[in-house]
Amino acid sequence: MDKPSHNISQLRRDPVSGDWAVIATGRAKRPHEFKSKEKAKKSTVCPFEEPEKNANEVVFTLEHEGYKDGWWVKVIKNKFPIVEGTICGVEVQNGPYTIQEGAGYHEVIITRDHDRSLAQMTSEEVLGVVNVYIERYKKLQELDCANYILVFHNHGVEAGASLPHPHSQIIAVPVIPPDVRRSLVGSEKYYEEKGECVHCAMLAWERDEKVRIVYENAHMIVISPYVPRDEFEVRIYPKVHSSFVQKSSQEEITSLAEALRVTLKKIHISLSNPAYNFFLHTAPARDSKHHDHYHWHVEILPKPPTPHAGFEMGTGIDVSMVDPDEVATYLRDTSI
Ligand SMILES: [Zn+2]
Ligand SMILES: [Zn+2]
């Protein structure tokens, strides 16, 4: 790997798109290990039952007497982090490319029960998990190199979950990720042109139309987006404009946890436990720019029936074979 490389990974910027990519060689191995038969090797012992015994460094425990071993949520440092370390911010030119250290933090948030996914948990249990998301977010945002922090969850092998034991992840990187940057630029442009938050405008229109709302409670609204990326994509938004999730009140976080639980349960039931990813998009906690025009939200993406193929990859135009109006009706009418 080219210099600099004190860390296990390196960030490289594509000079054409301006997008960053990570070369995380500490995570995977050599190219030949990607052969199908190598990938099929599976561990039979779940390392998340007793994380400490597997040399995992536990950084936080949500204790709860009612559960096996007395805990409900544990947060560990990822043994195979995508980014790690505190040397950041030094950009170096390498030919036409800009590179920098893949610094940051990568934690795994584990719930106690091996066989119960978020969709199968109680309101109180999901609230415990979401509270931990926010608490860890607040802790990481104080650290060096944590310029963008992403909370995400992979459920099912097809969604990239490397272990079946339910777990979420939180990762802090030194750069603003390309997808987030595009959304920040787009919502800033809309704000400058129209003088209002683009997400608030979309939500106001959805509340008027009343066809793509999947669920709502005191503080959150769940919609099937008019312009979806995939079939069955849903998004959770706070009803009142807010750029930073970590500034939410406990009441709002409770509403978020319940909206997440209800939506995942509806997806679990109506689509027979599909694989899915979800992630939380919030304005960067630390940036020289103001991001008050941004509106935080959660995007939930069940794996589409057919993977993105040449057309989507070659054009960036996503194809959904189901009308988002019908997706909303289908999920709304699913009793949980
Ligand atoms: Zn397990
Ligand atoms: Zn807004």
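Visitor: Why is E49 called partly exposed?
Guide: The relative accessible area of E49 is 21%, and partly exposed is the class between buried (under 20%) and exposed (over 50%), with a 1.4 Å probe and protein chains only, so E49 belongs in that middle class. The model is a predicted one, in which local features need pLDDT of at least 70 and side-chain atom pairs need 80 or more, whereas totals for chains, interfaces and linings use all residues. Residues are numbered from 1 along each chain as written, chains are lettered from A and ligands numbered from 1 in the order written, and side-chain values use heavy atoms, leaving out hydrogens and water.

Visitor: What makes C46 count as buried?
Guide: The relative accessibility of C46 is 16%, which lies below the upper limit for a buried residue, and C46 is therefore placed in that class.

Visitor: How do you know which residues are the protein donors of the zinc ion (ligand 1)?
Guide: A donor is an N, O or S atom within 2.8 Å of the metal (3.2 Å for Na, K and Ca), and since water is not among the atoms, sites may look incomplete. C46 (SG), E49 (OE), H114 (ND1) and H165 (ND1) lie 1.9 to 2.2 Å from this zinc ion, so they meet that limit. Along the chain these donors follow the spacing C-x2-E-x64-H-x50-H.

Visitor: Why is the site of the zinc ion (ligand 1) called tetrahedral?
Guide: Four donors count as tetrahedral if all angles lie between 85 and 135 degrees, and the angles among the 4 donor atoms here are 101 to 124°, so the site of ligand 1 satisfies the rule. The ideal angle for four tetrahedral donors is 109.5 degrees.

Visitor: What makes the site of the zinc ion (ligand 2) tetrahedral?
Guide: The angles among its 4 donor atoms are 104 to 115°, and the site of ligand 2 is therefore tetrahedral under that rule. The donors are C197 (SG), C200 (SG), H241 (ND1) and H295 (ND1), at 2.0 to 2.3 Å, and they are spaced C-x2-C-x40-H-x53-H in sequence. Because C200 lies in helix α4 (residues 198-209) and H295 in the loop between β13 (276-281) and β14 (297-302), the pair ties together parts that are 95 residues apart in sequence. Helices here are DSSP runs of H or I with at least four residues, and strands are runs of E with at least two, numbered from the N terminus.

Visitor: How do you know whether C200 and H295 are buried or exposed?
Guide: C200 has a relative accessible area of 24% and is partly exposed, whereas H295, at 0%, is buried.

Visitor: What makes the span of helix α5 close to the expected one?
Guide: The expected span is 1.5 Å times one less than the number of residues. Helix α5 (residues 250-270) has 21 residues and reaches 30 Å from its first C-alpha to its last, close to the expected 30 Å. S272, which follows α5, has a positive phi near 55°. N273, in the loop between α5 and β13, has a positive phi near 50° although it is not a glycine, and N273 is partly exposed at 39%.

Visitor: Why is A55 called exposed?
Guide: A55 has 63% relative accessibility, which is above the lower limit for exposed residues, so A55 counts as exposed. A55 sits in the loop between α1 (36-39) and β3 (58-63), with a positive phi of about 60° although it is not a glycine.

Visitor: What makes the lining of the largest cavity nonpolar, polar or charged?
Guide: A cavity is a set of points on a 1 Å grid over the protein atoms alone where a 1.4 Å probe fits but cannot get out, and lining residues have an atom within 4 Å of a point. The largest cavity has a volume of about 90 Å³, and among its lining residues are V130, Y133, L256, F278 and V298. Elements that give two or more residues to this lining are α2 (123-140), α5 and β13. Ala, Val, Leu, Ile, Met, Phe, Trp, Tyr, Cys and Pro count as nonpolar, Asp, Glu, Lys and Arg as charged, and the others, Gly among them, as polar, and the lining of the largest cavity divides into 10 nonpolar, no polar and no charged residues.

Visitor: How do the residues lining the second largest cavity divide, and what is its volume?
Guide: The second largest cavity has a volume of about 40 Å³, and its lining divides into 5 nonpolar, 4 polar and no charged residues.

Terms used:
Four donors count as tetrahedral if all angles lie between 85 and 135 degrees; four count as square planar and six as octahedral if opposite donors are over 155 degrees apart and all others between 65 and 115; anything else is irregular. On a 1 Å grid over the protein atoms alone, a cavity is a set of points where a 1.4 Å probe fits but cannot get out, and a pocket is an open set with protein on both sides within 12 Å along at least five of seven lines; lining residues have an atom within 4 Å of a point. Grid points are joined across faces, edges and corners, and a volume is the space filled by probe spheres set on the points.
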